[in-house]
Amino acid sequence: MTHNRAYESSYQGMKAVRLEWGSYEAVMLPDYGGNLIAFRDKDNGYRFLHEPAEEELESFKANPGIHGIPVLFPPNRYEDGKFPWNGKVLRFPINEESTGNHLHGFLHKIPWQVDEYGTTESESFVSVSVRVDEAHEVYQFLPFRFTIRLRYSLNGDGLAQHLFIRNEGGERMPCLLAFHTSVNAPFAPDASAKDYRVKLTIGKRWEMNDRMLPTGKQQALTREEEQLRDEGVYPFYEPLDNHYTVSAQNGRNRMELTDTKHNVTLVYDVGTSYKQWMIWNHFGEEGFFCPEPQVNLVNAPNSPLSAEEIGLFGLNPGEIWEETGRLYVK
């Protein structure tokens, strides 16, 4: 008997909220960055997201960046930890010693509050939030008052995501965000990574320097990247840590991952507010890769390019920004 329900549970010893709807199941870890750590089709044995194995638990807890759907705010790298904003320079800790940069912001490692969870006639859902003010640990780096709310819902149409940010302070705040989404390839238990093809709505590749920061120049796509944009390509054809502009197709901004053995496609539709993609495939090792939708160019506040071109925008006092996304199968 199938159950449509939402309930508190545990996941490998961690506090969790579990959603069930028909054959679908999703698991949220509020104490670890509001990370949606699992999305599964139980009937078919599909595990769509990269979940931590038992031997990876301690590294996941220390740095939950390559499992599930971590929230990056602000995302990716900032040169020397410097973040110019409103005529001031905010300073973030250098946490990537190899490049001398700050990496990935502050929200993916901290506890989020569970606001509500439940089941209606149309979905099972969970809503979590972070409210930052002068008393919050993040305020020392991002001295703004704001709320970020993240809601996931599950039904026969897959997993829906709703992100909401409101500026509750008295000055304009940066609104730079990404998801370091980690997708399994293969996601079917009896398939091989060689059976998989990934397609992504990319435009041009940003040239990166030896510190993995954009130079401001754009590059033409290689033949394999054209396949990535068009018909799809094997996700591990070479090690990838690439940054691209978005070029929406048919009005949508999305990744499609097709299992050619089972003729099943996982669609990750992220919305057109995300103007950049990162794609990282764990040094070309088969198993999982990360198609990362980003609002902004890497290191955007330090770039001489126009704010509109690189997705560098903010919220004035009282303003709200929101976007939706969805993972589903076709």
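This briefing walks through the pockets, the cavity and a few well-connected residues and strands of the structure above. Keep in mind that this is a predicted model. The largest pocket comes to about 580 Å³, while the second largest is about 170 Å³. There is also one cavity of 30 Å³ or more, and strand β14, which helps to line the largest cavity, gets its own section below.

**The largest pocket**

- With a volume of about 580 Å³, this pocket is lined by 29 residues, and those closest to its centre are Asn 63, Gly 65, Leu 103, His 104 and His 108.
- Three elements give two or more residues to the lining: α1 (57-62), β10 (101-103) and β24 (276-280).
- Sorted by class, the lining holds twelve polar, eleven nonpolar and six charged residues.

**The second largest pocket**

- Here the volume is about 170 Å³.
- Its lining is made up of Thr 245, Ser 273, Lys 275, Gln 276, Val 295, Ala 307, Glu 308, Glu 309, Gly 311, Leu 312 and Phe 313.
- The most generous contributor is helix α3 (residues 307-310), which puts in three residues.
- The class split is four polar, four nonpolar and three charged.

**Thr 245, from the second pocket's lining**

- You'll find Thr 245, one of the residues lining the second largest pocket, in strand β21 (residues 241-246).
- Why does Thr 245 count as buried? Its relative accessible area is 14%, and the cut-off for buried is under 20%.
- The Thr 245 side chain reaches the backbone nitrogen of Lys 204 at 2.8 Å.
- Beyond its sequence neighbours within four places, Thr 245 is in contact with Thr 201, Ile 202, Gly 203, Lys 204, Trp 206, Gln 218, Lys 275 and Gln 276. Among these contacts, Lys 275 and Gln 276 also line the second largest pocket.
- Leu 297 sits 52 residues away from Thr 245 in sequence, yet their C-alpha atoms are 8.4 Å apart in space.

**Thr 201, a contact of Thr 245**

- Thr 201 is in the loop between β18 (196-200) and β19 (202-208).
- Thr 201 is buried too, at 3% relative accessibility.
- Which side chain does the side chain of Thr 201 make a polar contact with? That would be Asn 253, at 2.6 Å.
- Setting aside neighbours within four places in sequence, the contacts of Thr 201 include Thr 245, Val 246, Ser 247, Ala 248 and Gln 249, along with Arg 252, Asn 253, Arg 254 and Trp 277.

**Strand β14 and its partners**

- Strand β14 (residues 158-167) has eight of its ten residues buried, so the rest of the structure largely encloses it.
- On one pairing, β14 runs antiparallel to strand β13 (residues 146-155), joined by ten bridges. These two strands form a hairpin with two residues between them.
- β14 also pairs with strand β27 (residues 320-329), again in the antiparallel sense, over eight bridges.
- Arg 166 of β14 is a handy place to see both pairings: Thr 147 stands opposite Arg 166, and Ile 320 is the bridge partner of Arg 166 in β27.

**The cavity**

- The largest cavity has a volume of about 50 Å³.
- Lining the largest cavity are Ile 69, Tyr 152, Leu 159, Ala 160, Gln 161, Tyr 268, Gly 325, Arg 326 and Leu 327.
- β14 and β27 each bring at least two residues to that lining, and these strands are themselves paired antiparallel.
- By class, six of the lining residues are nonpolar, two polar and one charged.

Note on methods:
Residues numbered from 1 in each chain as written. Predicted model: local features only at pLDDT ≥ 70, side-chain atom pairs only at ≥ 80, totals over all residues. Heavy atoms only, no water. 1 Å grid on protein atoms, 1.4 Å probe; cavity = no way out; pocket = protein on both sides within 12 Å on 5 of 7 lines; lining within 4 Å. Points joined across faces, edges and corners; volume = space filled by probe spheres on them. Helix = DSSP H or I, 4+ residues; strand = E, 2+ residues; numbered from the N terminus. Nonpolar A, V, L, I, M, F, W, Y, C, P; charged D, E, K, R; others polar. Buried < 20%, exposed > 50% of the residue type's maximum accessible area, 1.4 Å probe, protein only. Contact = heavy atoms within 4.5 Å. Polar contact = N/O pair within 3.5 Å; in protein donor to acceptor, adjacent residues only side chain to side chain. Pairing = 2+ DSSP bridges.
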